[in-house]
Amino acid sequence: MIKDFFQYEFLQNAFWASLLSAIICGVIGVIISQKKLFMMAGGIAHTSYGGVGLGFLLGIEPMITATAFSVISALIIGRVRKKGGRNSDIIIALLWSLGMALGVVFTSLLKGYPPDINAYLFGNILAVKKSDILIMALFCLIILIAFFMLYNYIISFLFDETFALVSGINPVFFENLILILIALSIILLIRVVGIILVMALLSAPSATASLICKNIKGQIILSSVFSFAFCLIGLLISYNFSVSSGAVIVFVAVISYLISLLLNKIINRKNR
Amino acid sequence: MNETVISIKNLSVSYGKYDAIQNISLDIKRGEFVCIIGANGVGKTTLLHTVLGFIKQYSGEVKVLGKNVKRVYKHIGFVPQTETCEKNFPITVEKAVLTATLGPKIIPFKYFSKNDCYKASKLLENVGLRGYEKRAVGELSGGEFQRMLIARALAQNPEILFLDEPTANIDTETADKIFSILSELNKNSVTIVLVTHDLGLAKKYSTKIINL
């Protein structure tokens, strides 16, 4: 495969896509994992499918419309979480389904041959183009600059929202910022693992890292390393056995997390 | 000493049809150690949250240091109920304390200096947590966590320190230790306003008890 790697551009693209995804999984995955925003992130991811469908229908690059859908749904979901009270879970679940339904409706309105929707639903790292890498690199850069520029403010907000308010930090700004960063991360990862599987790649590496490391910087680094390893192992299996790359990456990530969890429990029991 | 730092006039707060607080008026003077006590559901936390500006819909007047509380946030410190914090969040005790020094003005790439860390160490020492700087907040016991929250509030150099149930779910000995720390702060001219269930400690340490 190493020889093929230097020979074929699609494998080099897959490598860069893995690296960019891993960096983002490290940063955003830790936030999602620590704040338990899985439901919200899942809602944002699935709503973006409506954007993919609309892009195909209007003849626009689907990733652009998916980004718009994803960011808007992130802001709506954030508002619902704050104001929705007991109904917030129901509303997020409905938005989740509505986004998927819109995607199906938009694509069914298309005339002629249907587009390759599976690549958006389940990802295909081997089909990532140079143009995709450029978009991914741009999103990655935006997310990293925003995160590290406001690192300590974000940490303060994530640790204790109530206190952040009294210390003068604007919680609405930081909540929206975090949701937008999550939305952009999801878009970045869609080409790798797809809308349906994206949550596994955002949660499994960070959850595995949190079993090993108890400080946030360490978790971010470790989570990125794990994500990169999961993507490369998935890529290797997918290339050699001709199976869906997104599904294999997620399979590797979930199995690795479960093994880590088991080992962690065994070690903790021995230490007692 | 006689300066009124908190003035509440005819304050009423309702949640829908339920009246949480009805027509409360009170003044708190600079240097007082005030405990707000009462049974569950009488509106202790609602009163505190209204004074702190978290509850926006109310009737009556609330002034802190003569102004709307949001304009004097830099002069107050707050120790929330521990439930509001992510107790297992992967940061160190030192970092948790330092977050209080960030302030409302966003400074891009703001990182903490050695001097900031030294100040955090001193504050932790004041609440009996010397040597805890590099520990993860998730490793702290309930009492230690509460003292860390007090150190964090003190990092804001507050004139008035508000605390919401600082001794909830804490054993008697630790609760006494926390009140004793607050009493020391009060002697150093910090006005203390806290909500508690513990009448015994309130009687022992406070200069004024407000029974709702």
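**Exercise 1. The antiparallel sheet of chain B**

What is the order of the strands in the open sheet of 3 strands with antiparallel pairing in chain B?

*Solution.* A word on the model before we start: this is a predicted model, in which local features need pLDDT of at least 70, side-chain atom pairs count only at pLDDT 80 or more, and totals for chains, interfaces and linings use all residues. Residues are numbered from 1 along each chain as its sequence is written, while chains are lettered from A and ligands numbered from 1 in the order in which they are written.

Step 1. Helices (H or I, at least four residues) and strands (E, at least two) are DSSP runs, numbered from the N terminus. Two strands pair if DSSP finds at least two bridges between them.

Step 2. Reading across the sheet, the order is β2-β1-β4 of chain B. β2 (18–29) and β4 (59–64) of chain B are the edge strands, each pairing on one side only.

Step 3. From one strand to the next, the twist averages 15°. For this and the later angles, axes are lines fitted to C-alpha atoms, for helices over the stretch in contact, and angles run from 0 to 180 degrees between N-to-C directions.

Step 4. Now count the bridges: β1(B), residues 4–15, is joined to β4(B) by 5 and to β2(B) by 8.

Step 5. Follow I8(B) in both directions: its bridge partner in β4(B) is V62(B), and in β2(B) it is L26(B). For S7(B), the partner in β4(B) is K63(B).

Step 6. Finish at the hairpin of β1(B) and β2(B), where 2 residues lie between the strands and G16(B) has a positive phi near 65°.

**Exercise 2. The parallel sheet and its helices**

Find the strand order of the 5-stranded open sheet in chain B, then place two helices on it.

*Solution.* Step 1. The order is β5-β6-β7-β3-β8 of chain B, with parallel pairing. The edges are β5 (76–79) and β8 (208–211) of chain B, and the twist averages 15° from one strand to the next.

Step 2. At one side of the sheet, 4 bridges pair β5(B) with β6(B), residues 160–164. Here I76(B) stands opposite I160(B).

Step 3. Add the helices. α4(B), residues 142–154, lies across β5 and β6 of chain B at about 165° to β5(B). α5(B) lies across β3 (33–37), β6 and β7 of chain B, at about 150° to β7(B).

**Exercise 3. Two helices of chain A**

Compare the end-to-end distances of α4(A) and α10(A) with their expected spans.

*Solution.* Step 1. The expected span of a helix is 1.5 Å times one less than its number of residues.

Step 2. α4(A), residues 62–83, has 22 residues and reaches 31 Å from its first C-alpha to its last, close to the 32 Å expected. G85(A), with a positive phi near 55°, follows α4(A).

Step 3. α10(A), residues 171–212, has 42 residues, yet its end C-alpha atoms are only 30 Å apart, short of the 62 Å of a straight helix.

Step 4. Look for a bend, taken as the angle between axes fitted to the seven residues ending at a residue and the seven starting there. α10(A) bends by about 110° at R191(A).

Step 5. Check the surroundings. A residue is buried if 20 or more other C-beta atoms lie within 10 Å of its own, exposed if 12 or fewer, and partly exposed in between, with C-beta atoms placed from the backbone. In α10(A), 32 of the 42 residues are buried, so this helix is largely enclosed by the rest of the structure.

**Exercise 4. Where the chains touch**

Describe the side of chain A that touches chain B.

*Solution.* Step 1. Counting contacts (C-beta atoms, placed from the backbone, within 7 Å), 20 residues of chain A meet 27 residues of chain B.

Step 2. α8 (151–159), α9 (161–166) and α11 (216–241) of chain A each supply at least two residues to this side. α8(A) gives the most, with 6 residues.

**Exercise 5. A positive phi**

Which sign does phi of K36(A) take, and where is the residue placed?

*Solution.* Most residues other than glycine have a negative phi. Phi of K36(A), however, is positive, near 50°. K36(A) sits in the loop between α2 (9–35) and α3 (38–58) of chain A, and is exposed, with 10 other C-beta atoms within 10 Å.

Methods
Contact = placed C-beta atoms within 7 Å.
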